[in-house]
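Reader: Could you take me through one part of this model up close? I'd like a connected story rather than a list.

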Amino acid sequence: MERPDKAALNALQPPEFSSLASTLKTLLFFTALMITVPIGLYFTTKSYIFEGALGMSNRDSYFYAAIVAVVAVHVVLALFVYVAWNEGSRQWREGKQD
């Protein structure tokens, strides 16, 4: 039984499908990060760092934990832009060489 090589398998799939699947996978990954990271950091820093370790009041810990969550949102967004930029330039280079 012969094993088909990768070039033959790639010829069977349209290039748009693999590109679309990769883009969708990246988008879903960063969507999950955008939901879980800021919320998780908010509650973690509020209870363990600001109230627990630093002994802040409940009202002050809300404020500083919200700042941490906003910074986390910006970090995830910057990471998404970086990954999307590199993925787009890689696809452009591959298309340019064909």
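Let's start with a side chain I keep coming back to: does Y42 count as buried or exposed, and at what relative accessibility?

Author: Happy to, with the reminder that this is a predicted model. Y42 counts as buried, because its relative accessibility is 19% and the cut-off for buried is under 20%. Its ring pairs with the ring of F43, and that pair is edge-to-face, with 4.9 Å from centre to centre and 80° between the planes. The partner comes out on the other side of the scale: F43 counts as exposed, since its relative accessibility is 53% and exposed means over 50%. So this aromatic pair joins a buried ring, that of Y42, to an exposed one, that of F43.

There's another pair of this kind to look at. F63 and Y64 are edge-to-face because their planes stand at 75°, and the angle needed is over 60 degrees; their ring centres are 5.2 Å apart. Y64 is partly exposed, at a relative accessible area of 37%. Altogether the count comes to five aromatic pairs, and F29, F30 and F80 make up one aromatic cluster.

Now move along to K46, which ties several things together. K46 is buried, with a relative accessible area of 10%. Its charged end sits over the ring of Y62, 4.4 Å from the ring centre. K46 also meets E51, side chain to side chain, in a salt bridge of 2.6 Å from N to O. In general, side chains of opposite charge can pair when their charged atoms come close. The structure holds one salt bridge, so if you're hunting for that feature, K46 and E51 are where to look. E51 itself is partly exposed, with 28% relative accessible area, whereas K46 is buried.

Both salt-bridge partners turn up again around S61. This serine belongs to helix 3, which covers residues 58–97, and S61 is buried, its relative accessible area being 0%. Setting aside neighbours within four places in sequence, S61 is in contact with K46, F50, E51 and M56.

For one last stop, go to helix 2, residues 15–53, where T26 is found. T26 is buried too, at 16% relative accessible area. Not counting residues up to four places away in sequence, T26 touches V83 and E87.

How values were computed: Residues numbered from 1 in each chain as written. Predicted model: local features only at pLDDT ≥ 70, side-chain atom pairs only at ≥ 80, totals over all residues. Heavy atoms only, no water. Helix = DSSP H or I, 4+ residues; strand = E, 2+ residues; numbered from the N terminus. Buried < 20%, exposed > 50% of the residue type's maximum accessible area, 1.4 Å probe, protein only. Contact = heavy atoms within 4.5 Å. Salt bridge = Lys/Arg side-chain N within 4 Å of Asp/Glu carboxyl O. Phe/Tyr/Trp six-rings, centres within 6.5 Å; stacked < 30°, edge-to-face > 60°. Lys NZ or Arg CZ within 6 Å of the ring centre and 35° of its normal.
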